[in-house]
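Please look over the sequence and the model below. The text after them starts with an internal space and then turns to the chain as a whole and to a single residue.

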Amino acid sequence: MTQRLPARLLNPMGKLLREAWTVYWTLLKVMVPALLIVKALEMLGMTELLGQWLAPLMAPLGLPEPLSLVWAATLLTNIYTGLVIFFEVTRDTPLTVAQVTVLGALMAVGHSLPIEGAVARMAGVPWWLTVLLRLGGAWLFGWLLHLSYSLGGWLQHANHVVWQPSAQEATLAAWLQGQATTLATIFVVIFALMSLLRLLHWLGVERLIHKLLYPLLRLLGIGPAAANITVIGITLGLTFGAGLLLREAHSGRLTPRDIVLTLCFLGLCHSLIEDTLLIMLMGADLSGLLWARLGFALVVIALLARLPWLSCAELPSWMFSSRAVSGGESRSEG
């Protein structure tokens with residue numbers, strides 16, 4: 001009996017590690033090329049060019065044109081880069097809390113577009129829909145916030161930043177080291193999340209989560225099987241949520257409609273803890289970053305769920321091939 005116990009523990013652990021590696025390897029094949037392309041574009045000055053393209057969109061939001069560079073950097077890279085550029089651009093530019101909150105809303109919805117868009121595409125959301133939701137949705141959300149703050153006279157006092165990041169090395173070696181650390185951390189998080197999901201299922205907490213979220217998911221047109229993934233994506237981020245969605249897609253528990261709607265919802269409203277806290281360092285108000293963003297996402301996805309084309313949504317066929325499930329080389333649709 002004592003000799004069998006280690007095997008009974010090691011076998012499930014080994015299976016879990018293999019499943020986590022399958023999800024992680026699938027993400028790596030998308031994220032690593034995307035990271036390299038983004039870095040190349042950044043070195044070629046694409047951030048400044050994108051900032052020039054976005055500059056005319058700033059005035060309707062009540063924002064100075066130089067802030068377009070902050071959003072451009074956030075769209076191409078991540079919120080951390082956007083924060084660094086924000087503190088550089090606004091050193092001599094007085095802003096109100098309302099303006100910073102509107103800019104923060106743009107950054108919260110529209111960031112890391114090449115990487116997160118590629119991950120969403122792998123899970124079945126086409127690029128045009130990702131760009132429309134993340135870019136167009138961010139601008140529309142920012143405009144609604146600006147309109148409400150202006151008409152209500154809210155948050156019109158001067159902004160004061162909470163914290164400024166220290167200067168970081170801009171060398172290629174420092175960038176490679178940072179990306180390697182991030183990619184390694186993603187595997188650890190994926191394995192921990194999958195272990196947590198197994199534990200929640202064993203304890204019966206998974207069923208409780210389904211019951212609690214069912215009314216909200218029903219409003220959005222999402223099946224209850226996506227409840228756990230939705231919670232993970234909202235709290236931790238789209239990359240982790242999409243990675244676990246791939247695993248659930250292989251199992252056949254989620255329909256293509258559920259996956260597309262879940263990813264669209266997470267595209268507008270994900271990582272509510274980390275992203276919200278980061279952007280609040282700029283001085284942005286919680287009302288726009290958390291509550292208004294959550295409400296905006298609920299309304300948009302509830303409307304999107306009622307479009308007839310979504311009932312015909314299909315996932316990429318490679319996701320259901322035996323080679324994809326086993327973690328081998330899979331066929332991509334580009």
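**Cavity, chain and one helix position**

In this predicted model, three helices each contribute at least two residues to the lining of the largest cavity: helix 6 (113–122), helix 7 (127–152) and helix 12 (256–268). The volume of this cavity is about 60 Å³. Its lining consists of Glu116, Ala120, Val125, Thr130, Leu133, Arg134, Leu238, Leu263, Cys264 and Gly267. Sorted by class, six of the lining residues are nonpolar, two are polar and two are charged. Across the whole structure, the search finds two cavities of 30 Å³ or more.

The protein chain that holds these helices has 15 helices and zero strands. Of its 334 residues, 48% are buried. Among contacts in the protein chain with a separation of 6 or more, 77% are between residues 24 or more positions apart. The chain exposes about 16400 Å², and 68% of that area comes from carbon and sulfur atoms.

A single position in another helix can be followed in the same way. Thr22 is located in helix 1, which spans residues 4–43. Is Thr22 buried or exposed? Its relative accessibility is 13%, so Thr22 counts as buried, the cut-off for buried being under 20%. The side chain of Thr22 also has a polar atom 2.9 Å from the backbone oxygen of Arg18.

Key. Residues numbered from 1 in each chain as written. Predicted model: local features only at pLDDT ≥ 70, side-chain atom pairs only at ≥ 80, totals over all residues. Heavy atoms only, no water. Helix = DSSP H or I, 4+ residues; strand = E, 2+ residues; numbered from the N terminus. Buried < 20%, exposed > 50% of the residue type's maximum accessible area, 1.4 Å probe, protein only. Polar contact = N/O pair within 3.5 Å; in protein donor to acceptor, adjacent residues only side chain to side chain. Contact = heavy atoms within 4.5 Å. Areas by Shrake-Rupley, 256 points an atom, 1.4 Å probe, with all protein chains shown as cover. 1 Å grid on protein atoms, 1.4 Å probe; cavity = no way out; pocket = protein on both sides within 12 Å on 5 of 7 lines; lining within 4 Å. Points joined across faces, edges and corners; volume = space filled by probe spheres on them. Nonpolar A, V, L, I, M, F, W, Y, C, P; charged D, E, K, R; others polar.
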